[in-house]
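This report describes the strand arrangement, the helix packing and the surroundings of one residue. The sequence and structure are shown first.

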Amino acid sequence: MKFFIDTADTDQIRAAAAIGVLDGVNTNPSLIAKSGRPFKDVIVEICELVDGPVSAEVTATETEAMLDEAREYASWADNVIIKLPLIPEGLRACKTLSDEGVGTNVTLCFSANQALLAARAGATYISPFIGRLDDLGHEGMDVIAEIVTAYDNYPEIDTEVLVASIRHPRHVTDAALIGADVATVPPSVIDKMFKHPMTDIGLEKFLADWEDVPGAS
Ligand code: G3P
(Lines give C-alpha, C1' and ligand atoms only; values in the text may rest on other atoms or scores of the structure.)
Protein backbone atom coordinates (compact mmCIF):
# COMPACT_ATOMS: atom_id res chain seq x y z
CA MET A 1 0.00 0.00 0.00
CA LYS A 2 1.27 3.49 -0.83
CA PHE A 3 1.39 6.28 1.75
CA PHE A 4 0.47 9.90 1.15
CA ILE A 5 0.77 12.43 3.95
CA ASP A 6 -2.34 14.46 4.77
CA THR A 7 -0.99 17.95 5.40
CA ALA A 8 0.17 21.16 3.72
CA ASP A 9 2.81 21.74 6.39
CA THR A 10 6.08 21.57 4.46
CA ASP A 11 8.17 20.92 7.59
CA GLN A 12 6.07 17.82 8.35
CA ILE A 13 6.27 16.73 4.70
CA ARG A 14 10.05 17.22 4.64
CA ALA A 15 10.45 15.11 7.80
CA ALA A 16 8.29 12.26 6.46
CA ALA A 17 9.99 12.35 3.04
CA ALA A 18 13.41 12.07 4.72
CA ILE A 19 12.40 8.69 6.21
CA GLY A 20 11.74 7.39 2.71
CA VAL A 21 8.17 6.13 3.20
CA LEU A 22 6.30 8.91 1.36
CA ASP A 23 4.63 8.27 -2.03
CA GLY A 24 2.71 11.55 -2.30
CA VAL A 25 0.98 14.43 -0.53
CA ASN A 26 -2.70 15.16 -0.09
CA THR A 27 -3.98 18.68 0.59
CA ASN A 28 -7.43 20.25 0.71
CA PRO A 29 -8.65 23.85 1.16
CA SER A 30 -8.78 23.46 4.97
CA LEU A 31 -5.20 22.14 5.14
CA ILE A 32 -3.99 24.94 2.83
CA ALA A 33 -5.75 27.52 5.03
CA LYS A 34 -4.10 25.97 8.09
CA SER A 35 -0.68 26.50 6.46
CA GLY A 36 -1.30 30.26 6.47
CA ARG A 37 0.51 30.61 3.15
CA PRO A 38 -0.52 31.45 -0.42
CA PHE A 39 -1.90 28.37 -2.23
CA LYS A 40 0.55 28.41 -5.15
CA ASP A 41 3.57 28.91 -2.90
CA VAL A 42 2.63 25.87 -0.80
CA ILE A 43 1.85 23.56 -3.71
CA VAL A 44 5.01 24.50 -5.64
CA GLU A 45 7.19 23.92 -2.56
CA ILE A 46 5.50 20.59 -1.80
CA CYS A 47 5.98 19.45 -5.42
CA GLU A 48 9.70 20.17 -5.03
CA LEU A 49 9.85 18.15 -1.79
CA VAL A 50 8.32 14.92 -3.15
CA ASP A 51 8.39 13.14 -6.51
CA GLY A 52 4.96 11.55 -6.13
CA PRO A 53 1.51 13.03 -6.79
CA VAL A 54 0.50 16.19 -4.90
CA SER A 55 -3.23 16.85 -4.69
CA ALA A 56 -4.37 20.46 -5.27
CA GLU A 57 -8.13 20.92 -4.81
CA VAL A 58 -10.33 23.18 -6.93
CA THR A 59 -12.76 25.47 -5.09
CA ALA A 60 -15.02 26.33 -8.02
CA THR A 61 -18.35 24.46 -8.16
CA GLU A 62 -19.17 24.90 -11.87
CA THR A 63 -17.45 22.63 -14.39
CA GLU A 64 -15.87 25.24 -16.65
CA ALA A 65 -14.54 27.21 -13.69
CA MET A 66 -13.20 23.95 -12.22
CA LEU A 67 -11.40 23.24 -15.49
CA ASP A 68 -9.88 26.74 -15.55
CA GLU A 69 -8.54 26.25 -12.02
CA ALA A 70 -7.38 22.70 -12.80
CA ARG A 71 -5.39 23.71 -15.86
CA GLU A 72 -3.75 26.55 -13.90
CA TYR A 73 -2.81 24.27 -10.98
CA ALA A 74 -1.57 21.50 -13.28
CA SER A 75 0.80 24.04 -14.89
CA TRP A 76 2.56 24.66 -11.58
CA ALA A 77 4.42 21.31 -11.50
CA ASP A 78 4.43 17.98 -13.31
CA ASN A 79 3.37 16.06 -10.17
CA VAL A 80 0.27 18.12 -9.37
CA ILE A 81 -2.94 16.11 -9.51
CA ILE A 82 -6.32 17.83 -9.38
CA LYS A 83 -8.75 17.22 -6.54
CA LEU A 84 -12.42 17.52 -7.50
CA PRO A 85 -15.52 17.22 -5.29
CA LEU A 86 -17.83 14.28 -5.99
CA ILE A 87 -20.67 16.32 -7.47
CA PRO A 88 -21.95 16.09 -11.09
CA GLU A 89 -19.98 19.17 -12.08
CA GLY A 90 -16.87 17.67 -10.52
CA LEU A 91 -17.25 14.39 -12.39
CA ARG A 92 -17.80 16.22 -15.68
CA ALA A 93 -14.55 18.06 -15.06
CA CYS A 94 -12.90 14.76 -14.06
CA LYS A 95 -13.93 13.15 -17.37
CA THR A 96 -12.51 16.07 -19.36
CA LEU A 97 -9.26 16.18 -17.40
CA SER A 98 -8.90 12.39 -17.59
CA ASP A 99 -9.29 12.56 -21.38
CA GLU A 100 -6.57 15.25 -21.38
CA GLY A 101 -4.23 13.02 -19.34
CA VAL A 102 -4.40 15.15 -16.18
CA GLY A 103 -4.25 13.17 -12.93
CA THR A 104 -7.36 13.51 -10.77
CA ASN A 105 -8.35 12.73 -7.20
CA VAL A 106 -12.13 12.73 -6.67
CA THR A 107 -12.77 13.69 -3.06
CA LEU A 108 -15.56 13.84 -0.48
CA CYS A 109 -16.64 10.30 -1.37
CA PHE A 110 -18.89 8.57 1.18
CA SER A 111 -20.39 5.60 -0.68
CA ALA A 112 -19.57 2.81 -3.10
CA ASN A 113 -22.06 4.21 -5.61
CA GLN A 114 -20.22 7.53 -5.61
CA ALA A 115 -16.93 5.66 -6.12
CA LEU A 116 -18.38 3.72 -9.06
CA LEU A 117 -19.42 6.97 -10.74
CA ALA A 118 -15.95 8.46 -10.15
CA ALA A 119 -14.29 5.41 -11.71
CA ARG A 120 -16.59 5.73 -14.72
CA ALA A 121 -15.48 9.36 -15.01
CA GLY A 122 -11.88 8.20 -15.23
CA ALA A 123 -10.69 9.31 -11.80
CA THR A 124 -7.04 8.47 -11.10
CA TYR A 125 -7.81 8.25 -7.35
CA ILE A 126 -11.02 8.09 -5.33
CA SER A 127 -10.91 9.48 -1.75
CA PRO A 128 -13.53 7.94 0.57
CA PHE A 129 -13.58 9.84 3.90
CA ILE A 130 -13.78 7.06 6.47
CA GLY A 131 -13.15 9.13 9.61
CA ARG A 132 -16.06 11.43 8.87
CA LEU A 133 -18.33 8.40 8.40
CA ASP A 134 -17.10 6.97 11.72
CA ASP A 135 -17.74 10.39 13.31
CA LEU A 136 -21.43 9.91 12.35
CA GLY A 137 -21.54 6.44 13.90
CA HIS A 138 -21.22 4.57 10.62
CA GLU A 139 -18.45 2.06 9.81
CA GLY A 140 -16.31 3.92 7.28
CA MET A 141 -14.11 0.91 6.61
CA ASP A 142 -17.16 -1.01 5.34
CA VAL A 143 -17.36 1.52 2.50
CA ILE A 144 -13.72 0.87 1.64
CA ALA A 145 -14.43 -2.89 1.55
CA GLU A 146 -17.42 -2.33 -0.75
CA ILE A 147 -15.44 -0.09 -3.10
CA VAL A 148 -12.43 -2.40 -3.32
CA THR A 149 -14.69 -5.44 -3.91
CA ALA A 150 -16.76 -3.64 -6.54
CA TYR A 151 -13.70 -2.27 -8.37
CA ASP A 152 -12.04 -5.71 -8.34
CA ASN A 153 -15.02 -7.13 -10.25
CA TYR A 154 -14.12 -4.93 -13.24
CA PRO A 155 -10.51 -5.24 -14.54
CA GLU A 156 -11.10 -2.17 -16.71
CA ILE A 157 -11.34 0.04 -13.60
CA ASP A 158 -7.89 1.41 -12.82
CA THR A 159 -9.02 4.06 -10.35
CA GLU A 160 -6.95 3.71 -7.17
CA VAL A 161 -8.70 3.67 -3.77
CA LEU A 162 -7.10 6.41 -1.64
CA VAL A 163 -8.35 5.98 1.94
CA ALA A 164 -8.82 9.43 3.47
CA SER A 165 -9.99 11.04 6.71
CA ILE A 166 -7.87 8.58 8.67
CA ARG A 167 -8.10 9.04 12.44
CA HIS A 168 -5.80 6.36 13.95
CA PRO A 169 -3.32 3.58 13.04
CA ARG A 170 -6.03 0.88 13.02
CA HIS A 171 -7.57 2.62 10.01
CA VAL A 172 -4.29 2.16 8.15
CA THR A 173 -4.04 -1.53 9.06
CA ASP A 174 -7.66 -2.21 8.08
CA ALA A 175 -7.24 -0.33 4.80
CA ALA A 176 -4.23 -2.51 3.95
CA LEU A 177 -6.02 -5.73 4.96
CA ILE A 178 -8.87 -4.83 2.63
CA GLY A 179 -6.44 -4.07 -0.18
CA ALA A 180 -6.81 -0.31 -0.63
CA ASP A 181 -4.17 1.19 -2.91
CA VAL A 182 -3.21 4.28 -0.90
CA ALA A 183 -3.73 5.74 2.55
CA THR A 184 -3.40 9.47 3.10
CA VAL A 185 -2.22 9.67 6.68
CA PRO A 186 -2.09 12.72 8.98
CA PRO A 187 1.43 13.33 10.41
CA SER A 188 0.21 12.54 13.95
CA VAL A 189 -1.01 9.11 12.82
CA ILE A 190 2.26 8.41 10.97
CA ASP A 191 4.07 9.04 14.27
CA LYS A 192 1.72 6.61 16.07
CA MET A 193 2.27 3.95 13.38
CA PHE A 194 5.95 3.87 14.30
CA LYS A 195 5.36 3.61 18.04
CA HIS A 196 5.21 0.38 20.04
CA PRO A 197 6.36 0.21 23.66
CA MET A 198 7.90 -3.26 23.12
CA THR A 199 10.15 -1.82 20.39
CA ASP A 200 11.40 0.90 22.74
CA ILE A 201 11.86 -1.58 25.60
CA GLY A 202 13.63 -4.08 23.35
CA LEU A 203 16.01 -1.50 21.88
CA GLU A 204 16.85 -0.15 25.33
CA LYS A 205 17.67 -3.71 26.52
CA PHE A 206 19.82 -4.48 23.45
CA LEU A 207 21.83 -1.28 23.94
CA ALA A 208 22.21 -1.90 27.68
CA ASP A 209 23.40 -5.48 27.10
CA TRP A 210 25.79 -4.31 24.37
CA GLU A 211 27.65 -2.28 26.96
CA ASP A 212 28.83 -5.61 28.46
CA VAL A 213 30.35 -6.85 25.20
CA PRO A 214 34.15 -6.73 25.45
CA GLY A 215 35.52 -4.04 23.14
CA ALA A 216 32.08 -2.81 22.24
CA SER A 217 32.31 0.82 21.23
O1 G3P B 1 -7.76 15.60 2.97
C2 G3P B 1 -8.76 14.64 2.83
C3 G3P B 1 -9.07 13.99 4.13
O4 G3P B 1 -8.00 13.16 4.51
C5 G3P B 1 -9.34 14.98 5.24
O6 G3P B 1 -10.11 14.29 6.18
O7 G3P B 1 -11.81 14.30 7.97
O8 G3P B 1 -9.41 14.72 8.53
O9 G3P B 1 -10.69 16.48 7.31
P10 G3P B 1 -10.52 15.00 7.56
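## Strand pairing and the barrel

Two strands count as paired if DSSP finds at least two bridges between them. The model discussed here is predicted. In it, strand 1 (residues 2-6) and strand 8 (residues 182-185) run parallel and are joined by four bridges. One residue of this pairing is I5, whose bridge partner in strand 8 is V185.

The wider arrangement is a barrel, closed by eight strands in the order 1-2-3-4-5-6-7-8 with parallel pairing. From one strand to the next, the twist averages 30°. In general, strands of a sheet pair through backbone hydrogen bonds, in either a parallel or an antiparallel manner.

## Helices packed on the sheet

Helix 6 (residues 112-120) packs on the sheet and touches strand 5 (104-109) and strand 6 (125-128). The direction of helix 6 makes about 160° with that of strand 5.

Helix 8 (residues 140-152) likewise packs on the sheet, where it touches strand 5, strand 6 and strand 7 (160-163). Relative to the direction of strand 7, that of helix 8 makes an angle of about 170°.

## The environment of N79

N79 lies in the loop between helix 4 (63-74) and strand 4 (80-85). Is this residue, N79, buried or exposed? N79 counts as buried because its relative accessibility is 13%, and the cut-off for buried is under 20%.

Leaving aside residues up to four places away in sequence, N79 touches C47, V50, D51, G52, P53 and V54. With G52 there is also a polar contact: the side chain of N79 reaches the backbone oxygen of G52 at 3.0 Å.

Definitions and conventions: Residues numbered from 1 in each chain as written. Predicted model: local features only at pLDDT ≥ 70, side-chain atom pairs only at ≥ 80, totals over all residues. Heavy atoms only, no water. Helix = DSSP H or I, 4+ residues; strand = E, 2+ residues; numbered from the N terminus. Buried < 20%, exposed > 50% of the residue type's maximum accessible area, 1.4 Å probe, protein only. Polar contact = N/O pair within 3.5 Å; in protein donor to acceptor, adjacent residues only side chain to side chain. Contact = heavy atoms within 4.5 Å. Axes fitted to C-alpha atoms, helices over the stretch in contact; angles between N-to-C directions.
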